[in-house]
Number of protein chains: 2
Amino acid sequence: MKAPGSTTAVAGATGTSPSEGGERKSINPELWYGCAGPLVSLPPVGSLVVYFPQGHSEQVAATMQKDVDVQIPNYPNLPWKMICLLHNVTLHADPETDEVYAQMTLQPVNTNDKEAFLASDLSPKTNRLQTDFFCKTLTASDTSTHGGFSVPRRAAEKIFPPLDFSMQPPAQELQARDLHDNVWTFRHIYRGQPKRHLLTTGWSLFVSGKRLLAGDSVLFIRDEKQQLLLGIRRANRQPTNISSSVLSSDSMQIGILAAAAHAYANHSPFTVFYNPRASPSEFVIPLAKYNKAIYSHQITLGMRFRMMFETEESGT
Amino acid sequence: MKAPGSTTAVAGATGTSPSEGGERKSINPELWYGCAGPLVSLPPVGSLVVYFPQGHSEQVAATMQKDVDVQIPNYPNLPWKMICLLHNVTLHADPETDEVYAQMTLQPVNTNDKEAFLASDLSPKTNRLQTDFFCKTLTASDTSTHGGFSVPRRAAEKIFPPLDFSMQPPAQELQARDLHDNVWTFRHIYRGQPKRHLLTTGWSLFVSGKRLLAGDSVLFIRDEKQQLLLGIRRANRQPTNISSSVLSSDSMQIGILAAAAHAYANHSPFTVFYNPRASPSEFVIPLAKYNKAIYSHQITLGMRFRMMFETEESGT
DNA sequence: TCCTGTTGTCGGCCTTTCCGACAATTTGG
DNA sequence: CCAAATTGTCGGAAAGGCCGACAACAGGA
């Protein structure tokens, strides 16, 4: 996990690229959610949430590829869960890796206020506008330098602009924007025997620019303005150990717990970074969802709260 | 000449590219001056300058590849020169062509004020900080798709980061920013028999992206932060006739003269665009420089003011 | 099970790009 | 004016990348 705006985007080993000092434009939420995957939803701003310091700490440990260390001191006054008001959410993407993450500002509220505690109804179902999209896991052929990208037939016909079939073969130029608003250009052609949709020219630059490997996924979205958006989801590979470059895993976990304890004692706002793809455990949950789970399953102290498992593949 | 921020940069036929709505960051002055060439200097903001409406009109005519038309009406109250206060200067570069130009805000001052007229001393020699750079005119081999870019030996050793000569062959990745802050990446290798410095991978993308031809020049600057900057100077080719796309040559010249006449009559500020490479005639001159020329040569009414000719090749 | 539609991989071939050879040119005595 | 250093151009070779062939696979009858 990195602080936002920490680096300069350099896309492509050989191509041109913009140099963004941080993120000058706001991230497109549709594309962010697409890259985050179908399991991820963020609580609405202004709602009450439950924050689990332990789960947060675990996510960092997972990112750092390290188990929770026994040397972490105890914070006797830190509860295992904290009811908080969600003040603010901003979406981000690492300019180097396209990894998506969110920054949330939380403020602990008084748990004795039973009214607020129980008043929160079912979250207004954060309506993730379901625009048209498709997601394909890349094959060896897709990522090899030998050829282009084989587009699933139904996906191409649903998402891409229609081809002019009077041409032989039918072909067009596609442009798509990624999370950083970079434009990628591809030749889209319908050819071969049997006929199929392919992306040829421009594809290899995208693969090398994003450093994609077989097993990673690409995501095309057609937004309400008929613009194409383009994102990636990397396969779960070994997380890179970035502790040496910034802070040790131990220090980060101590920092998380200490920050939570301080905020809890003072009812003061604090900030967390949530990396949806780093770990399946969520550590910020809508209060309504939590209450619902409580009444149906009886969560006991110290139990870990996990999302139900759903398959990650999506996009028909 | 175009208005600033008129287009979206899309560099390279196939690569990634930023989408800049106008210029979000200010242009790097060192690089701007490098691209403008050694003859160009801009008067300092706040100084007094002499503005030549006729010279301005001629520059536009040269840009439009058209002689001054006889149908231009006379402006009897428009003097052949106007003493002005230079309020503001902003540097620009066309996002499509990298053509550099400057926007200046001028305000006519009372010529009767002899004091101001004579008080202006020698301009404080706009100290164009002489950082390290080199400029090479591209050969047929440099621009053909057959190979890469042959880097003059001394230039490479002066400007580029030193190679690790324990490698065989010594090579590294170079990154350089252009006027729009796009990053270009090149493989820099020292090889061949006899040994020479070459830019290989990435070079052809730059050539096609900037649409460079043999005879055009490239410019590498190493700034004070050891960052590489990269610019181009196009050979003087036939100017493109852009009159049809915006305004006729006649209309533009009438507009220039009318605007100058109006500003002169009202002592009100007006704006001019100065394109240093479009024409050798300057139409905004520091007053001090003008006075100096006056006393040595006796300029007569209607005479054209031209810079002394210097060779354009530079960079040792 | 079989049929049909879809798509992953491959050989063939052309283009692009990397390499050192060599000669043309420049520089410095 | 000659010798050494530099660098422009080229043939050969390797890699990139477009093409349809074909077979593997998936889904429905």
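Trainee: Where do the atoms of DNA strand C within 4 Å of the protein belong, sugar or phosphate, or bases?
Mentor: In this predicted model, 51% of the strand C atoms within 4 Å of the protein belong to sugar or phosphate, and the rest to bases.

Trainee: OK, and which residues come nearest to strand C?
Mentor: There are 23 residues around DNA strand C, and A:K136, A:H146, A:R153, A:R196 and B:T201 come nearest.

Trainee: What does A:H146 touch on that strand?
Mentor: A base oxygen of DNA strand C, with a polar side-chain atom of A:H146 2.8 Å away from it. A:R196 also goes to a base oxygen of strand C, and its side-chain N or O atom sits 2.8 Å from that oxygen. For a phosphate contact, look at A:S141: a polar atom of its side chain lies 2.8 Å from a phosphate oxygen of strand C.

Trainee: Which elements give two or more residues to that surface?
Mentor: From chain A, α4 (140-143) and α5 (153-159), and from chain B, β7 (183-191).

Trainee: How do the residues near strand C divide into nonpolar, polar and charged?
Mentor: You get 5 nonpolar, 11 polar and 7 charged.

Trainee: Now DNA strand D. Which residues come nearest there?
Mentor: A:R191, B:K136, B:S141, B:H146 and B:R153, out of 23 residues around DNA strand D. By class, that surface has 5 nonpolar, 11 polar and 7 charged residues. Of the strand D atoms within 4 Å of the protein, 53% are sugar or phosphate atoms and the rest belong to bases.

Trainee: What is B:K136 up to on strand D?
Mentor: Its side chain has an N or O atom 2.7 Å from a phosphate oxygen of DNA strand D. B:H146 goes to a base oxygen of strand D instead, with a polar side-chain atom 2.7 Å away.

Trainee: And what does A:R196 reach on strand D?
Mentor: A base nitrogen, 3.3 Å from an N or O atom of the A:R196 side chain. On strand C, remember, A:R196 has a base oxygen at 2.8 Å.

Trainee: Which elements supply at least two residues each near strand D?
Mentor: β7 (183-191) of chain A, plus α4 (140-143) and α5 (153-159) of chain B.

Trainee: Switching topic: is helix α1 of chain B mostly covered or mostly open?
Mentor: Mostly covered. It runs over residues 29-36, and 7 of its 8 residues are buried. The buried set is B:E30, B:L31, B:W32, B:Y33, B:G34, B:C35 and B:A36.

Trainee: What covers them?
Mentor: The cover includes β2 (82-93), β3 (100-108), β6 (171-177), β9 (217-222) and β10 (228-233), all of chain B.

Trainee: What happens at the ends of that helix?
Mentor: B:N28 caps the N-terminal end, with a side-chain oxygen 2.9 Å from the backbone nitrogen of B:E30. After the helix comes B:G37, which has a positive phi near 100°.

Trainee: Back to chain A. Which residues of strand β1 sit on which side?
Mentor: In β1 (residues 48-51), A:L48 and A:V50 are on one side, A:V49 and A:Y51 on the other, and all of them are buried.

Trainee: Which strands does β1 pair with?
Mentor: It pairs antiparallel with β2 (residues 82-93) of chain A over 4 bridges, where A:Y51 has A:M82 as its bridge partner. It also pairs antiparallel with β12 (residues 284-286) of chain A over 3 bridges, and there A:V50 is partnered with A:I285.

Trainee: Last one: is B:A265 buried or exposed?
Mentor: Exposed, because its relative accessibility is 60%, and the cut-off for exposed is over 50%. B:A265 is in helix α7 (residues 249-266) of chain B.

How values were computed
Residues are numbered from 1 along each chain as its sequence is written. Chains are lettered from A and ligands numbered from 1 in the order in which they are written. This is a predicted model: local features need pLDDT of at least 70, side-chain atom pairs count only at pLDDT 80 or more; totals for chains, interfaces and linings use all residues. Side-chain values use heavy atoms; hydrogens and water are left out. Buried means under 20% relative accessible area, exposed over 50%, partly exposed in between (1.4 Å probe, protein chains only). Two strands pair if DSSP finds at least two bridges between them. A residue is near a molecule or strand if one of its heavy atoms lies within 4 Å of it. A polar contact is a pair of N or O atoms within 3.5 Å; within protein, one must be able to donate a hydrogen and the other to accept it, and residues adjacent in sequence count only if both atoms are side-chain atoms. Ala, Val, Leu, Ile, Met, Phe, Trp, Tyr, Cys and Pro count as nonpolar, Asp, Glu, Lys and Arg as charged, and the others, Gly among them, as polar. Contact means heavy atoms within 4.5 Å.
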